[in-house]
Amino acid sequence: MNGKIAFIPGDGIGPEVAAPAAAVLDAAGALFGHVFHRAELPAGGRAVDETGVPLPPETLEEAKRCDAVFLGAVGGPKWDDLPVNLRPERALLDIRRELGVFVNLRPVSLAAPLRSVCPLKDEILSAGGPGGKPVFDFLIVRELTGGIYFGARGRSEDGSSAWDTESYSRPEIERVLEAAYAAAAERRKKVCVVDKANVLESSRLWRETALRMSGSCPGIETSFLYVDNAAMQLIRAPGSFDVIVTSNMFGDILSDEASALTGSIGMLPSASLAGVPGRRPGPARPLMGIYEPIHGSAPDIAGKDIANPLGAVLSAAMMLRYSFGLEKEAAAVEAAVNSVLEKGYRTADISGRGGKERLAGTREMGEAVVQALEEQA
Ligand code: IPM
Ligand code: MG
């Protein structure tokens with residue numbers, strides 16, 4: 001296969017973690033006989049410096065011509081004082097909306113070799129988990145192009161009051177729920193809808209829509225949690241979750257919380273998709289997606305070769321799976337990541353300073369993954 005990737009390294013540690021992800025894609029291509037062309041494009045703070053806007057029209061046009069987008073991270077203190085429409089984060093929001101990637105998949109699991117960096121006690125980890133094992137493995141399905149992030153907002157004339165609006169239509173909710181149910185069907189068959197239906201009307205529409213949809217998905221157990229309770233249950237019994245589906249802002253908050261359970265936010269990948277995987281009508285066409293680690297640009301550690309590139313590498317694996325339909329290749333990358341963790345390679349953020357560990361920089365970690373991938377051939 002011949003794929004074309006819009007490659008946006010971004011700011012801060014973005015370029016550092018993007019480089020290993022690119023190397024892993026090249027290695028997977030070489031091993032399995034694919035070519036992935038990368039068009040490197042500016043967005044975020046770098047684009048503000050170079051072109052005056054966070055998402056240059058050329059970047060967007062080129063991204064639309066590609067099969068998938070890879071994004072490192074954007075933002076940094078240098079651009080913090082810019083008006084909101086010129087901030088680097090605007091690039092993320094605009095590219096998500098323009099590419100119509102309405103569903104964001106954030107898998108959260110605890111790799112067995114990282115048990116020692118998970119802050120939870122064994123008895124908590126075992127609670128409600130599959131087979132009572134001290135592990136968890138769940139998927140956050142976050143709505144990505146609606147809700148309060150994109151609703152009407154403003155300020156009163158004298159500037160003394162301000163508003164943002166949470167608003168959802170039934171079709172917007174349905175397509176995200178559909179993605180959640182499709183994912184649950186391939187997993188442990190449980191969907192937990194997270195909302196604030198005891199207060200918010202938009203949440204009541206979520207609940208109503210989910211209740212209706214659950215009737216047509218009989219093999220899947222549907223449950224509901226208020227977001228405050230969900231935040232607590234993630235800490236008390238992370239093993240009890242399979243698929244969590246929720247709105248844009250709740251998903252943003254819960255996914256950062258969840259990442260802390262895995263030891264480091266640097267481990268977590270994400271895929272933002274313009275459709276429901278596996279449910280596309282007609283011949284399989286590439287499903288447009290934006291793939292990015294969920295961490296930010298971490299300016300405090302940028303340029304030091306210490307950032308964890310695994311979230312970025314695992315995002316590249318998700319790209320292989322969802323945008324290119326290359327399941328075997330995606331699984332090989334994930335196995336390679338697992339194998340380097342088993343061998344003891346650790347970036348500083350996931351180091352428990354145990355005896356068998358080998359502290360690695362960003363570059364060395366990336367090279368270890370490429371090597372592990374090649375060893376599988
Ligand atoms: C994320 C980030 C973004 C979001 C920010 C940078 C706009 O926190 O992808 O989770 O809130 O969606
Ligand atoms: Mg976030």
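# A tour from the sheet to the salt bridges

Start by selecting Arg142 and Thr246: in β10, Thr246 is the bridge partner of Arg142. Keep in mind as you click along that this is a predicted model.

**Stop 1: strand β5 and its partners**

Now widen the selection to the two strands around that pair. Strand β10 covers residues 243–246, runs parallel to β5 and is joined to β5 by 4 bridges. Colour β5, residues 137–143, by accessibility: 6 of its 7 residues are buried, so "mostly covered" is a fair description of this strand.

Next, add strand β4, residues 103–109. How many bridges pair β4 with β5, and in which sense? There are 7 bridges, and the sense is antiparallel. To see one pairing up close, select Leu105 and Val141; Leu105 stands opposite Val141 in β5.

**Stop 2: the whole sheet**

Zoom out and show the strands only. You are looking at an open sheet of 10 strands with mixed pairing, and reading across you should meet β2-β1-β3-β12-β11-β4-β5-β10-β8-β9. Why do β2 and β9 each have one side without a neighbour in the sheet? Strands β2 (35–40) and β9 (221–226) stand at the edges, and each has a single partner strand, so one side of each is left open in this sense. Rotate the view a little: on average, and ignoring direction, neighbouring strands of this sheet are turned by 25° against each other.

Stay at the β9 edge for a moment. Strand β8, residues 190–195, pairs with β9 in the parallel sense over 6 bridges. Select Asp195 here, and you will find it opposite Tyr226 in β9.

**Stop 3: two helices lying across strands**

Turn the helices back on, beginning with α8, residues 227–236. Helix α8 lies across β5, β8, β9 and β10, and runs at about 105° to β9. Then pick α9, residues 248–261. Which strands does α9 lie across? They are β4, β5, β8 and β10, and the helix runs at about 150° to β5.

**Stop 4: Gly10**

Go to strand β1, residues 2–10, and select Gly10. Gly10 has a relative accessible area of 8%, so it counts as buried. Show its surroundings: leaving aside residues up to four places away in sequence, Gly10 touches Pro15, Ala43, Ala73 and Val74. If you like a distance label, draw one from Gly10 to Leu41; the C-alpha atoms are 8.6 Å apart in space, while the two residues are 31 apart in sequence.

**Stop 5: a buried glutamate**

Move on to helix α11, residues 327–342, where you can select Glu329. Does Glu329 sit buried or exposed? Glu329 is buried, yet has no salt bridge. The nearest side chain of opposite charge is that of Lys328, 4.4 Å away, and a salt bridge here requires the nitrogen and carboxyl oxygen to be within 4 Å. What Glu329 does have is a polar contact, side chain to side chain, with His34 at 2.7 Å. Apart from residues up to four places away in sequence, Glu329 touches Phe32, His34 and Leu320.

**Stop 6: salt bridges**

Finally, switch to charged side chains. The model has 27 salt bridges; here are some to visit.

- Select Lys78 and Asp49, whose closest N and O atoms are 2.6 Å apart in a salt bridge. Lys78 is in the loop between β3 (68–73) and α4 (88–99), and Asp49 is in helix α2 (residues 45–51), so the pair ties together parts that are 29 residues apart in sequence. Lys78 is exposed at 60% relative accessible area, whereas Asp49 is partly exposed at 44%.
- Select Arg170 and Glu208, a salt bridge with its closest N and O atoms 3.1 Å apart. This pair links helix α6 (residues 170–185) with helix α7 (residues 201–215), the two residues being 38 apart. Arg170 is partly exposed at 33%, and Glu208 is partly exposed at 39%.
- Select Glu375 and Lys343, a salt bridge with closest N and O atoms at 3.1 Å. Glu375 belongs to helix α12 (residues 362–375) and Lys343 to the loop between α11 and β13 (345–346), so parts 32 residues apart in sequence are tied together. Glu375 is partly exposed at 47%, as is Lys343 at 39%.

For a last view, select Lys64, Arg90, Asp94, Arg97 and Glu98 together: salt bridges link these residues in a network.

Key: Residues are numbered from 1 along each chain as its sequence is written. Chains are lettered from A and ligands numbered from 1 in the order in which they are written. This is a predicted model: local features need pLDDT of at least 70, side-chain atom pairs count only at pLDDT 80 or more; totals for chains, interfaces and linings use all residues. Side-chain values use heavy atoms; hydrogens and water are left out. Buried means under 20% relative accessible area, exposed over 50%, partly exposed in between (1.4 Å probe, protein chains only). Lys and Arg count as positive and Asp and Glu as negative; His and the chain ends are not counted. A polar contact is a pair of N or O atoms within 3.5 Å; within protein, one must be able to donate a hydrogen and the other to accept it, and residues adjacent in sequence count only if both atoms are side-chain atoms. Contact means heavy atoms within 4.5 Å. Two strands pair if DSSP finds at least two bridges between them. Axes are lines fitted to C-alpha atoms, for helices over the stretch in contact, and angles run from 0 to 180 degrees between N-to-C directions.
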